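Grab a pencil and have the sequence and the 3D view ready. Below are a few exercises, each followed by a worked solution.

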Amino acid sequence: MGSSVEQNILVTGGAGFIGTHTVVQLLKEGFKVSIIDNLDNSVIEAVDRVRELVGPDLSKKLEFNLGDLRNKGDIEKLFSKQRFDAVIHFAGLKAVGESVGNPRRYFDNNLVGTINLYETMAKYNCKMMVFSSSATVYGQPEKIPCMEDFELKAMNPYGRTKLFLEEIARDIHGAEPEWRIVLLRYFNPVGAHESGRIGEDPKGIPNNLMPYIQQVAVGRLPELNVYGHDYPTEDGSAVRDYIHVMDLADGHIAALRKLFADPKIGCTAYNLGTGRGTSVLEMVAAFEKASGKKIPIKLCPRRSGDATAVYASTERAEKELGWK
Ligand code: NAD
Ligand code: WQD
């Protein structure tokens, strides 16, 4: 289904993992897309692959701009030459461990970059934003499933950037109610486009479970360290909510449609997860079954700062965005 009027969307961080999958869906849904990305954690080939996947006609509606949100001039250049109906804001640094060692880099990139973006959006009267938040804002939740109105707390500098940026969004909307901002709290995004042409390929040794398992499967790493086997869960390993990246991409389309359709949306947070918890050992077993490959594991102590079990309540997104 294409949109009737061609809406023009700015996608920050559109060359990255979630960005590329979302851009494919946006183009297929009839939106025009401009990406701004500094390629700090991505490669231009990923954008070429997006073009290849959508074909030559839809590719004409995609523009790539090399730029850094920390430079206001780079954002200004885009807004001064075209009108954007809304912004999907993925650009940010996301490695929890790195943020503990180098918090200034995280505050500079994630906070300054986003403030520059809001300033420029305000200047050009573009006041609709879909923001990439994270389940990290729930910290170690006392109850599960996580509901959007739970108390928010951050456990590390990366998490604090997400929490601060949520607060900033609520304050901006509080002061200027015409802003419409959707905060999407992703749980654990995994997977790839069915073509296999785009996906997640982090630089260096992966921090996250799924890319780590994948690298063990292809022989790049010898075994998976399973962090924690004495959690009070069924098999002793920690439980998370793994959401397929294509479903997540569709969640962004649903959020955009809601922004355009609902003047009363204000600044609202939605969980994007499956609502189901899966343990680390269940993930390994599922991967072995699907790939036919054995994943050697080593049972290790818990990773510091990890919660026992985190999964989403999906009610609000289902009811208000029509997304599941
Ligand atoms: P990613 O690193 O693959 O994509 C982010 C993109 O932003 C990269 O292409 C990077 O080059 C770009 N970027 C970073 N800083 C920039 C800047 N200052 N200016 C311009 N471009 C910049 O990450 P992803 O997994 O696609 O995550 C996208 C967003 O979702 C991030 O904000 C992340 O914090 C959030 N998020 C991710 C996860 C996850 O597990 N993948 C979970 C929750 C939230
Ligand atoms: C999942 C489970 C690990 C690697 C992180 C961020 C969060 C969000 C999503 C951005 C845990 C275990 C992992 C390994 C393992 N990102 N594990 N061996 O920690 O739930 O969330 O990514 O916003 O903010 O904190 O995801 O994939 O790192 O770990 O046993 O080699 O897998 O201990 O239980 P996490 P993860």
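Before you start: a residue counts as near a molecule if one of its heavy atoms lies within 4 Å of it. Keep in mind, too, that you're looking at a predicted model.

**Exercise 1. Work out which residues come nearest to ligand 1, and which polar contacts the ligand has.**

Solution.
- Step 1: Start with the neighbours. There are 27 residues around ligand 1, and D37, N41, S42, K94 and Y158 come nearest.
- Step 2: Zoom in on two side chains. An N or O atom in the side chain of N41 sits 2.7 Å from an oxygen atom of ligand 1. For the side chain of Y158, an N or O atom is likewise 2.7 Å from an oxygen atom of the ligand.
- Step 3: Don't forget the backbone. D40 has a backbone N or O atom 3.0 Å from an oxygen atom of ligand 1.
- Step 4: Ask how covered the ligand is. On its own, ligand 1 has 830 Å² of accessible area, and the protein covers 96% of it.
- Step 5: Find the elements behind the shell. Helix 1 (17-28), strand 5 (128-134) and helix 6 (157-175) give two or more residues to the shell around ligand 1. Strand 5 has the largest share, with three residues.
- Step 6: Sort the shell by class. You should get 11 nonpolar, 11 polar and five charged residues.

**Exercise 2. Do the same for ligand 2: which residues come nearest, and how much of the ligand does the protein bury?**

Solution.
- Step 1: Ligand 2 has 19 residues around it, with S134, Y158, N225, R240 and D306 coming nearest.
- Step 2: Look at R240, whose side chain has an N or O atom 2.6 Å from an oxygen atom of ligand 2. Then try D306: a side-chain N or O atom there is also 2.6 Å from an oxygen atom of the ligand.
- Step 3: Check the backbone as well. A polar backbone atom of N207 lies 3.5 Å from an oxygen atom of ligand 2.
- Step 4: Taken alone, ligand 2 exposes 690 Å², and 88% of that is buried by the protein.
- Step 5: Helix 7 (209-217) and strand 8 (224-227) each give at least two residues to the shell around ligand 2. Strand 8 gives the most, with four residues.
- Step 6: By class, this shell holds 10 nonpolar, six polar and three charged residues.

**Exercise 3. Describe the second largest pocket: what is its volume, and which residues line it?**

Solution.
- Step 1: The volume of the second largest pocket is about 220 Å³.
- Step 2: Its lining is made up of V190, M210, Y242, H244, T274, R276, T278, M283, A286 and F287.
- Step 3: Match residues to elements. Strand 10 (242-244) and helix 9 (280-291) each supply at least two of the lining residues. Helix 9 gives the most, namely three.
- Step 4: Count the classes: six nonpolar, three polar and one charged.

**Exercise 4. Hunt for backbone oddities: where is P145, and what is the phi of L39?**

Solution.
- Step 1: Recall the usual picture. Most residues other than glycine have a negative phi, and most peptide bonds are trans.
- Step 2: Go to the loop between strand 5 and helix 6, where you'll find P145. The peptide bond from I144 to P145 is cis, with omega near -5°.
- Step 3: Now move to the loop between strand 2 (32-37) and helix 2 (44-59), which holds L39. Phi of L39 is positive, near 60°, and L39 is not a glycine.

**Exercise 5. Find the domain in the record: which residues does UniProt give it?**

Solution.
- Step 1: The unreviewed UniProt entry places "domain: NAD(P)-binding" at residues 10-324.
- Step 2: Within residues 10-324, the share of helix is 41% and of strand 18%.
- Step 3: Look at the two ends of that span, whose C-alpha atoms lie 25 Å apart.

Notes:
Residues numbered from 1 in each chain as written. Chains lettered and ligands numbered in written order. Predicted model: local features only at pLDDT ≥ 70, side-chain atom pairs only at ≥ 80, totals over all residues. Heavy atoms only, no water. UniProt positions renumbered as here; feature names shortened; annotations may be inferred. 1 Å grid on protein atoms, 1.4 Å probe; cavity = no way out; pocket = protein on both sides within 12 Å on 5 of 7 lines; lining within 4 Å. Points joined across faces, edges and corners; volume = space filled by probe spheres on them. Nonpolar A, V, L, I, M, F, W, Y, C, P; charged D, E, K, R; others polar. Polar contact = N/O pair within 3.5 Å; in protein donor to acceptor, adjacent residues only side chain to side chain. Areas by Shrake-Rupley, 256 points an atom, 1.4 Å probe, with all protein chains shown as cover.
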